[in-house]
Amino acid sequence: MGLATAWGPLFAVLGVLGFSFKAILIKLAYAASPVDPVSLMTLRMLYSTPFFIAIAWWSGRAPRAAPITHRDGMLLLALGFVGYYLSSLLDFIGLQYVTASLERLVLFLYPTIVVVLSALFLAQPVTRRAAVALVLSYAGIALAVWHDIRLTGDAGATTLGTSLVFGGALGYAIYLVAAGGVIARLGSSRFIAWAMLASAAFIVVHFALTHPLSALDVPLKVHALTLAMAVFCTVLPTWMIAESVRRIGASTASLIGSLGPVFTLGFGALLLDEPINALQLCGVALVLAGVMLVSARIAQPAQGDGVKSKPDRRPA
């Protein structure tokens with residue numbers, strides 16, 4: 001039991017590290033070649049798909065695995081569309097306009113969006129603590145956006161990129177609010193595998209309708225970056241976070257998840273030469289404080305239904 005608990009924090013840290021590095025790899029791919037977001041997403045999912053097929057097959061072999069009903073299938077398609085395809089598309093496009101550190105910080109807002117959506121559609125009251133958390137989080141984002149505007153001198157591009165990434169965070173929050181029931185029925189690993197496969201289908205269809213096959217003829221470096229993105233920033237972190245939640249609980253895993261924006265901030269400075277200053281650090285601190293307040297409120301219910309099994313989150 002002690003060993004299982006000891007592995008939990010390590011899995012959580014490594015999972016967060018993997019998800020945090022995704023934006024860095026995307027920015028490096030954009031710098032390496034004039035590849036567009038849809039082609040980059042398609043390569044990522046083509047490399048990820050064999051792994052998720054294996055996970056879906058393996059998790060479906062369990063003796064007590066529930067059958068996937070027609071309703072489950074429709075929900076998987078809808079949640080794969082919103083939570084992974086649309087969310088990722090907006091995120092990849094947004095990263096053309098904002099720094100990796102700002103992107104991760106905006107994506108990190110998803111727990112605050114879950115609180116608002118739950119209040120609007122599930123009649124869950126917004127407590128005073130949650131209200132304070134929302135104010136802190138969005139004040140921090142305002143500081144981070146101001147930092148990027150001062151850095152780039154292009155308020156229009158920064159605002160557009162931030163809005164697109166926030167749209168991605170909104171899509172992931174909708175996925176979290178709606179996914180609890182089907183995750184409880186199918187299990188987190190099986191659900192994630194099938195939802196990712198559904199999103200891969202949407203991405204491939206999008207690519208086929210809008211791009212020639214030659215668009216995937218990109219430099220070897222871009223293939224290497226997208227393969228790394230698929231394995232180390234998608235498949236392995238998904239499993240590690242799910243394992244950390246199982247071993248140490250959603251509450252502790254959620255707190256460790258707060259390292260995500262910090263990791264991306266450091267990677268951005270080291271690998272992308274993104275500057276760090278006091279204004280940005282203030283914004284990060286406010287967002288972390290706000291999200292940790294919200295996460296403490298929503299993590300306990302998530303521990304029971306598995307909703308927090310994949311923060312990306314990612315997302316993805």
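This is a short walk through one helix, the nonpolar cores and the cysteines of a predicted model.

Okay, let's start with helix H5, which runs over residues 110-121. That's 12 residues, and the helix reaches 16 Å from its first C-alpha to its last, close to the 16 Å you'd expect at 1.5 Å a residue. Which residues of H5 are buried? Going along the helix, we have Tyr 110, Pro 111, Thr 112, Ile 113, Val 114 and Val 115, and then Leu 117 and Ser 118. After H5 comes Ala 123, and if you check its backbone, phi is positive there, near 60°.

Now, the inside of the protein. The largest nonpolar core has 68 residues. Who has the most contacts inside that core? Leu 40, Tyr 175 and Phe 191. As for helices, H7, residues 155-186, gives the most to this core, with 10 residues. Apart from that core lies another one, of 8 residues, with Val 16, Ile 241, Ile 248 and Ile 256 among them.

Let me stay with Phe 191 for a second. Leaving out residues up to four places away in sequence, Phe 191 touches Leu 76 and Leu 79, and also Tyr 175, Ala 179, Val 182 and Ile 183. So if you have the structure open, center on Phe 191 and pick those out.

Last thing, the cysteines. How many disulfides do we get? With sulfur pairs within 2.5 Å as the cut-off, the count comes to 0. Two cysteines to look at here: Cys 233 is buried, with a relative accessible area of 1%, while Cys 282 is partly exposed, at 44%.

Methods. Residues are numbered from 1 along each chain as its sequence is written. This is a predicted model: local features need pLDDT of at least 70, side-chain atom pairs count only at pLDDT 80 or more; totals for chains, interfaces and linings use all residues. Side-chain values use heavy atoms; hydrogens and water are left out. Helices (H or I, at least four residues) and strands (E, at least two) are DSSP runs, numbered from the N terminus. The expected span of a helix is 1.5 Å times one less than its number of residues. Buried means under 20% relative accessible area, exposed over 50%, partly exposed in between (1.4 Å probe, protein chains only). A nonpolar core is a set of buried Ala, Val, Leu, Ile, Met, Phe, Trp, Tyr and Cys residues joined through side-chain atoms within 4.5 Å. Contact means heavy atoms within 4.5 Å.
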